[in-house]
Amino acid sequence: MKTHFLNRRQRDGLFGFVLDIPALALTVAFIIVPIFDSVIKSFQEYGVRNIISGKPGVWNNWANYLYLSKTDLFLKATIHTFSFVTAVVVVQFLLSLALALILNTDIKGARFLRSIMMTPWVVPTVISALIWMWLFQPQYGLVRYLISIASFGAVTDFAILNNPKTALMGVGIAALWKQIPLMSLLLLAGLQNVPHDIEEAAMIDGAGKVRRFYSVVLPYLSPVIKVTISMSIIENFKQFPLFWTMTGGGPNNATTTLAVLSYREAFVSMNLGAGSAVTTLWMVMMIAVVFFYNQIFRIQDMG
Amino acid sequence: MKRISVCMVLLVVVTALVFAGGKAESAAAPVTIKVANYALLESGYEPFWKQVKVDFEAANPGISIEWVTAPYGEIVNQVVNMAGGGNKVDVIFGEIDWVPGLVDAGLASPITDILSKSFIDDFYVDVLKSFEVDGKPYGIPLYVSPYVLYYNKDLFTQAGLDPAKPPKTFDEMLSYAEKLAKLKDANGNKVYAFGQTTASVPVSGASLNALVFNFGGQVLDAKGALAIDNKGFRDAFAMVQLLDQKGYNPQNAKLKDLRNLFALGQLAMYYDQSWGFNGVKSINADAQRFTASAEPLKGGSGSGQSLLQAHCFILVNNGKSRADATRKFVEFVISEETLNAYLRDLTPAYPAKHSMAAMESVVNSGILAGASPAAGRVQVQTFIPKISDLNLELCALAQAITVGKENLDSAIAKFKNTATVKLSQ
């Protein structure tokens, strides 16, 4: 009889671990190490010269973080980021849910609509940004022209990206156009998994459409909602190409988000230490937001 | 004895073969130089650069060019990332404003380390001064230009203005603008009188810096410190605000937006780098007929000085053999033979060398004739590593007082605080 040093359960565990090694190695090499590297650099004087010469950065006594506190750019970038994420995620969820509910009915052309509505999602983000930038172009853009016609010539200078008060909304519209299709499709998949017999039972018990939606559909849809919203929060928290292409952070820094600020510090100012400081604070904020979001859903689930 | 003799002969033969072979190999060793060039991704310029490679390699057997390409906005990062991995390019084709950043990064070499003295001495001294960091030039220009005033002769005629008499001062420009702003294009669209770029891109900041020079002001002093407490600086931004209040200037526009509007006949005058006309012509070929150029305007107590703009080569020293090949490449490109057709057909600009002053494309350049007297009236801007960031802050200031509707003096005070902090880091 053959004897083993390990029992079957331990052997299975070891085998599983061996299978996980490639994924773990990739995660460590391309996610964990760069994060630690970035955090370390945020405490150092580290510029492009260090990259080229291979010389390590030098501890600079919190100078990168103190530098961020000397102007209002970081504070404003944080406010812009949170405003953008909140507005886009809320509007995106409401519109996506409405679209998913419509597509879940037996309306004519629903299948065709489902196919074509994915088009914005497959368009690369930079291309989407260029398309919307040209649409919103204030002198000869299509949107300006359409608004001029719709208002019978009363509004001829519509320039959403030029006004510091509306520029964030302009980028938000482009983000919604790009992201709504995927969220709608995921919610639609969730809706199609809601058991019909439970809905029918509720209907027989006298529940109206609204009651059925809140008491049957939403609870079944809850896991999908949780995943889609956290995906959307992360996607918009780290949104960069739309901002950089459409506005470059302007006008008057009105669309300078944390993503834009970190890029400017690292690759325009060529100060990778300050860029890393922005990125580190940004990462901490994103972790906190996702943590609290998950806590809220956990409390709701328990409820 | 016989055996020893044979061994000695063999040793001599083998030694001779090894050394002879080594010598022959090093003499004929092919050299590849890496040239970072964003223009290869721009359809208008791609054929020119491809032909440069063909012609240069034919004229210099044993030297080949390897292009390193990336879009305009990404090429510097591409070069830096490559260098970080130990793979340095030899030449970077780019803007004059890229020089200080690449010097600070430790990548750019003084051109005196690579190019011959006789070649360098042929360049205008004042032009080379614009490339100096700590007294050494770190870039060599292919061609140069101040910001020139392009104007639409047809629109001048329609407004009752003499197209042969462009404005010379900002006051004159404002009186012209009053008439030009009343025009509509063929489709009933508004005609903007005067274009000054203010969008959030570094080149717009450089253009605003040139505007400050027009008014006799400065942004940085000779040591590279922020020095904006001067009348010219305030006057220049007061003009930006006035142009916006009167609706003469397309708000928050990039240079390419201004070129589009100008090509479509919706912009009567605007400031651009001379080679920006290529962008205008690519949209409307008829622009050649209705476009003329003029000197930068004089404002306040200024004499209409401007900022030198240049497309240049920034060189990296990668050892003797590659440096020699780089020298040959630079001397091949910055020559009348290579650049004559380029400056005539693609990129109207002024040569930077004495020996190219009389070249046909410059002498017969109808487009640049009006602006020619200003070619030598450029002010040297002190190079600082954070020039791009400073330029973006200048754009933010222009936006604050135009689309942001902020008070001029408080916006300048805020700019001063932010720029001081940024430059001190």
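**Note on the predicted model: a sheet, two helices and two contacts**

1. In chain B, strand S1 (residues 31–37) and strand S3 (residues 91–95) run parallel and are joined by 3 bridges. One position can be picked out in this pairing, since B:Ala36 stands opposite B:Ile92 in S3(B). Please keep in mind while reading that the model is predicted.

2. This pair belongs to a wider arrangement, an open sheet of 5 strands in chain B, whose order is S2-S1-S3-S12-S6 and whose pairing is mixed. At the edges lie strand S2 (63–68) and strand S6 (140–145) of chain B, each of which pairs on one side only. From one strand to the next, the twist averages 15 degrees.

3. Helices also pack on the sheet, among them helix H2 (residues 46–59) of chain B, which touches S1 and S2 of chain B and whose direction makes about 160 degrees with that of S2(B). Helix H3 (residues 75–84) of chain B packs on the sheet as well, touching S1, S2 and S3 of chain B, and its direction makes about 145 degrees with that of S1(B).

4. Elsewhere in chain B, helix H9 (residues 202–214) packs with helix H10 (residues 231–245) at an angle of about 120 degrees, their axes being 8 Å apart. The angles that count as roughly perpendicular run from 65 to 115 degrees, and those over 145 count as roughly antiparallel, so H9(B) and H10(B) are oblique to each other. The crossing in which H9(B) passes H10(B) is right-handed. From H9(B), the residues B:Leu211, B:Val212 and B:Asn214 meet B:Gly232, B:Phe233 and B:Ala236 of H10(B), and the residues of this contact divide into 4 nonpolar, 2 polar and no charged.

5. Chain B is divided into domain 1 (31–144 + 309–376) and domain 2 (147–307 + 386–424), and the C-alpha centres of these two domains lie 27 Å apart. Where the domains of chain B meet, 15 residues of domain 1 are in contact with 23 residues of domain 2. On the side of domain 1 of chain B that touches domain 2, the classes are 9 nonpolar, 5 polar and 1 charged.

6. The contact of the two chains takes 28 residues from chain A and 33 residues from chain B. On the side of chain A that touches chain B, the elements giving two or more residues are helix H2 (48–53) and helix H13 (258–268) of chain A, and H2(A) gives the most, with 5 residues. By class, this side of chain A has 13 nonpolar, 13 polar and 2 charged residues.

Notes
Residues numbered from 1 in each chain as written. Chains lettered and ligands numbered in written order. Predicted model: local features only at pLDDT ≥ 70, side-chain atom pairs only at ≥ 80, totals over all residues. Contact = placed C-beta atoms within 7 Å. Helix = DSSP H or I, 4+ residues; strand = E, 2+ residues; numbered from the N terminus. Nonpolar A, V, L, I, M, F, W, Y, C, P; charged D, E, K, R; others polar. Domains from an automatic or database assignment. Axes fitted to C-alpha atoms, helices over the stretch in contact; angles between N-to-C directions. Parallel < 35°, antiparallel > 145°, perpendicular 65-115°, else oblique. Left-handed = near helix turned anticlockwise from the far one by under 90°. Pairing = 2+ DSSP bridges.
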